[in-house]
Amino acid sequence: DLVDRIMGILSDDRVSGTWTKKSAVGKEKVAKLVDDTFRKMKVSGAADLSSTSEVVSDCTNVKHKEEIGDSNSIEKIRCLCGSTLPTDSMIKCEDPKCNIWQHVTCVLIPEKPTEGVVPNPPDIFYCEICRLIRADPFLVNVAHPLYPVKSNATNVPADGSNPSLSVEKTFQLTRADKDLLKKQDYDIQAWCMLINDKVTFRMQWPQYADLQVNGLPVRAINRPGSQLLGANGRDDGPIITHCTRDGINKILLAGSDSRIFCLGVRIVERRTLDQVFSMIPKETEGERFEDALSRVRRCVGGGAATENADSDSDIEVVSDCIPVSLRCPMSGLRMKLAGRFKDCVHMACFDLEVFVEMNQRSKKWQCPTCLRNYSLEKIIVDPYYNRITSKMRNFAEDVTDVEVKPDGSWRVKADNDVDRKSLGELVLWHSP
């Protein structure tokens, strides 16, 4: 509400991107408005603050209680509730470039709100902006005209059906923003997330989502309104550039859902396939060869059941050697650049170029073997399998099967003498 009132004062005094003679009056109004609101919050010492323009700078940065002793670190608080005041229970975003603090009660929502039991904090917590970045690395955040705000339940039916929810906010676009949006790779996107989504890095809109920008209806989802988004499903954020204008814009989201969502608006720049692909670490930077080899030895030679709980039980058995296919599970072709997610315990890989290209559309970033959900930053080049695929580059594409010993030694599997002759030294055992 405070932000909206400030924007209203400033927009009244602004014409064509330049300040008018009334700008001094506008600044005084804003300073007094912020000061009056700040003093009403009953913060210790706030009553002594005077109504001067200095208050604007005094109250914009808040130092977290636990960090007061560190003179080199001023922690930022940006919560869904809009308050920048610390409370006794705070949680910090994991991303070192972000380090935003939020109120636990605002971002950790009970599964049964009526009981009011706040769930335990996750081992790794990301704020909504950092979740958004990882949900689609093909879009870069340029600016946030509207930072995420929570949805409100507007009508709770007595029959137990889903309550109505709504978010209605304004956001401002400057002349500079509109000039930027004239460029080909820039757009404005409306986005929405389920606050305590078990699939961390994805967008999700409420059931029966009804989105309007400046009174114009915008299609938010490509699924039936009654259909819930499953663990393997992904929603997208509609581009709303054509609905916006210079100055104040109005966005409205309504739906019928018992869960709590957050809505935001951002200016984005598109990344190309090559740009996203270049973000994946080089083979020497992602994982040590020794670590990759030890994983293969554990999987081929068998291991503790707890270590292999998420791995492919058909492959990982104790044997003299086991057959392994080098076909990408998505394209069906032999892998050219073998990739994997660093945290997966199985030894199966996928073709990196194919995987990244497919996720430009699907936005799943999900391991095709164990179906665990990750983000781009967890992808690495597998140094063990990449050595094998590199040696096979000059051979026919239908040569896809190898045999692997428990010590990591490997050879190409040949079915007959003709194959053995054409494959040459590849049919011999190679030391890992």
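Let's start with a residue pair: K92 stands opposite W101 in β5. Keep in mind that this is a predicted model. From that pair we'll move out to the sheet around it, then to a strand with two partners, a crossing of two helices, and one buried aspartate.

**The three-stranded sheet**

- β5 covers residues 100-103, and it pairs with β4 in the antiparallel sense, with three bridges between them.
- Zoom out and you get an open sheet of three strands, running β3-β5-β4, with mixed pairing.
- The edges are taken by β3 (76-77) and β4 (90-92), each of which pairs on one side only.
- As a general reminder, strands of a sheet pair through backbone hydrogen bonds, in either the parallel or the antiparallel sense.

**β13 and its two partners**

- Strand β13 spans residues 261-270 and is mostly covered, with eight of its ten residues buried.
- One partner is β6 (residues 139-150), which pairs with β13 in the antiparallel sense over seven bridges.
- In β6's pairing with β13, look for A143, which stands opposite I267.
- Another partner is β9 (residues 186-194), also antiparallel to β13, this time over nine bridges.
- For a landmark there, C192 sits opposite L263 of β13.

**Where α9 crosses α11**

- Helix α9 (residues 289-301) and helix α11 (residues 383-391) have axes that come within 7 Å and cross at roughly 90°.
- Since angles of 65 to 115 degrees count as roughly perpendicular, that crossing makes α9 roughly perpendicular to α11.
- On the α9 side, the residues making the contact are F289, A292, L293 and V296, and they meet P383, Y384, Y385 and R387 of α11.
- Sorted by class, this contact has seven nonpolar residues, one charged and no polar ones.

**D351, an aspartate under cover**

- You'll find D351 in strand β16, a short run covering residues 350-351.
- Is D351 buried or exposed? Its relative accessible area is 6%, and the cut-off for buried is under 20%, so D351 counts as buried.
- Its contacts beyond four places away in sequence are C328, M330, R334, M335, K336 and L337.
- Take C328 from that list: it is 23 residues from D351 in sequence, yet their C-alpha atoms are 5.4 Å apart in space.
- The side chain of D351 also reaches the backbone nitrogen of E353, at 3.1 Å.

Note on methods: Residues are numbered from 1 along each chain as its sequence is written. This is a predicted model: local features need pLDDT of at least 70, side-chain atom pairs count only at pLDDT 80 or more; totals for chains, interfaces and linings use all residues. Side-chain values use heavy atoms; hydrogens and water are left out. Two strands pair if DSSP finds at least two bridges between them. Helices (H or I, at least four residues) and strands (E, at least two) are DSSP runs, numbered from the N terminus. Axes are lines fitted to C-alpha atoms, for helices over the stretch in contact, and angles run from 0 to 180 degrees between N-to-C directions. Angles under 35 degrees count as roughly parallel, over 145 as roughly antiparallel, 65 to 115 as roughly perpendicular and the rest as oblique. Contact means heavy atoms within 4.5 Å. Ala, Val, Leu, Ile, Met, Phe, Trp, Tyr, Cys and Pro count as nonpolar, Asp, Glu, Lys and Arg as charged, and the others, Gly among them, as polar. Buried means under 20% relative accessible area, exposed over 50%, partly exposed in between (1.4 Å probe, protein chains only). A polar contact is a pair of N or O atoms within 3.5 Å; within protein, one must be able to donate a hydrogen and the other to accept it, and residues adjacent in sequence count only if both atoms are side-chain atoms.
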